Amino acid sequence: MKDNVQSYFASPIYYEDKPEWLDDLNKICQPYIDDSKANFKKEFKKSEEDKNDFTKVYHSVNLLDDPKFNFFKDYVGTKSCDMLNYMGFDLTHHTVLWRDLWVQEFTKTGGGHHRVHVHENCCISGFYFLESEGSYPIFHDPRPGAVMTHLPEIDEQNLTYASKSINYQPDAGALMLFPSYMPHEYYVSNGDPFKFIHVNLTAVSSHIVNQEGAV
């Protein structure tokens with residue numbers, strides 16, 4: 001059977017280990033995480049809620065304007081263009097632009113997670129893991145038709161054409177890039193260290209970038 005089968009409609013995930021970035025990016029990101037934690041404490045002073053940060057995810061502001069991330073943006077931007085070209089997209093008349101760059105940390109009390117979601121109006125999304133013990137990403141089949149007609153799998157432990165989801169167990173220093181249409185989530189944190197950078201990039205028509213024909 002397999003000798004006569006061809007594969008189409010695949011969704012790639014790019015994975016690369018870049019541990020040489022860990023020290024620098026942890027130092028650059030830490031003040032932003034500290035600010036998020038400080039803002040969390042301020043909010044609780046204004047309320048009667050429990051101060052326990054169980055399930056809390058400390059989320060930075062958008063970091064695109066910080067020049068200390070330029071080396072990271074240059075590399076990830078180039079790899080994102082390479083990935084779109086690899087997928088077969090013609091970028092001749094499009095410009096790949098950064099949309100989002102932020103850092104997140106799951107709390108040590110545990111419970112941090114992300115529900116299944118996609119990133120609208122983006123082309124490439126990705127993660128860089130600064131700490132990776134407490135959780136891990138799970139990707140889901142992005143094809144609605146495949147999900148709607150899914151049959152029982154022979155063995156859910158094997159990755160096959162029938163697999164509904166896939167998870168990675170990345171080490172700190174891992175870089176992942178994937179099409180933004182892929183539904184993904186983060187497993188509920190057990191409280192071990194977990195911190196990562198999230199990125200979104202999009203490809204925009206060069207006519208729009210250059211404001212040609214603007215009203």
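A residue is termed buried when its relative accessible area is under 20%. By this criterion, buried residues make up 40% of the 215 residues in the protein chain of this predicted model.

**Figure 1. Overall architecture of the protein chain, with four helices and 10 strands.** In sequence order, the elements follow the pattern β-α-β-α-β-β-β-β-α-β-β-β-β-α. The C-alpha trace spans about 65 × 55 × 40 Å along its principal axes. Among contacts between residues at least 6 apart in sequence, 88% join residues at least 24 apart. The chain exposes about 13,200 Å², of which 53% is supplied by carbon and sulfur atoms. It carries 19 positive and 31 negative charges, and the mean positions of these two sets lie 6 Å apart.

**Figure 2. Close-up of Ser-206 in helix H4.** Helix H4 comprises residues 206-209. Ser-206 has a relative accessible area of 19% and therefore counts as buried, the limit for this class being under 20%. With neighbours within four places in sequence set aside, the contacts of Ser-206 are His-93, His-94 and Thr-95.

**Figure 3. Close-up of His-94 in strand E3.** Strand E3 covers residues 94-106. His-94 is partly exposed, at a relative accessible area of 36%. Apart from neighbours within four places in sequence, His-94 is in contact with Ala-203, Val-204, Ser-205 and Ser-206. The C-alpha atom of His-94 is separated by 8.6 Å from that of Val-209, although these two residues are 115 residues apart along the chain.

**Figure 4. Close-up of a nonpolar surface patch formed by Met-1, Val-5 and Tyr-161.** Together, these three residues have about 430 Å² of accessible area. One of them, Val-5, is located in the segment that precedes strand E1 (14-17). Val-5 has a relative accessibility of 37% and is accordingly classed as partly exposed.

**Figure 5. Close-up of a patch of negative charge on the surface.** The patch gathers Asp-17, Glu-133, Asp-171 and Asp-192. Among them, Asp-171 occupies the loop that links strand E7 (165-167) to strand E8 (174-179). The relative accessible area of Asp-171 is 53%, so this residue is classed as exposed, a term that applies over 50%.

Conventions:
Residues are numbered from 1 along each chain as its sequence is written. This is a predicted model: local features need pLDDT of at least 70, side-chain atom pairs count only at pLDDT 80 or more; totals for chains, interfaces and linings use all residues. Side-chain values use heavy atoms; hydrogens and water are left out. Helices (H or I, at least four residues) and strands (E, at least two) are DSSP runs, numbered from the N terminus. Buried means under 20% relative accessible area, exposed over 50%, partly exposed in between (1.4 Å probe, protein chains only). Contact means heavy atoms within 4.5 Å. Patches are made of residues with over 30% relative accessible area and no salt bridge: like charges are joined within 9 Å, nonpolar side chains (Val, Leu, Ile, Met, Phe, Trp, Tyr) within 5 Å. Accessible areas come from the Shrake-Rupley method with a 1.4 Å probe; for residues, only the protein chains shown count as cover. A salt bridge is a side-chain nitrogen of Lys or Arg within 4 Å of a carboxyl oxygen of Asp or Glu. Lys and Arg count as positive and Asp and Glu as negative; His and the chain ends are not counted. The place of a charge is taken as NZ of Lys, CZ of Arg, CG of Asp or CD of Glu.
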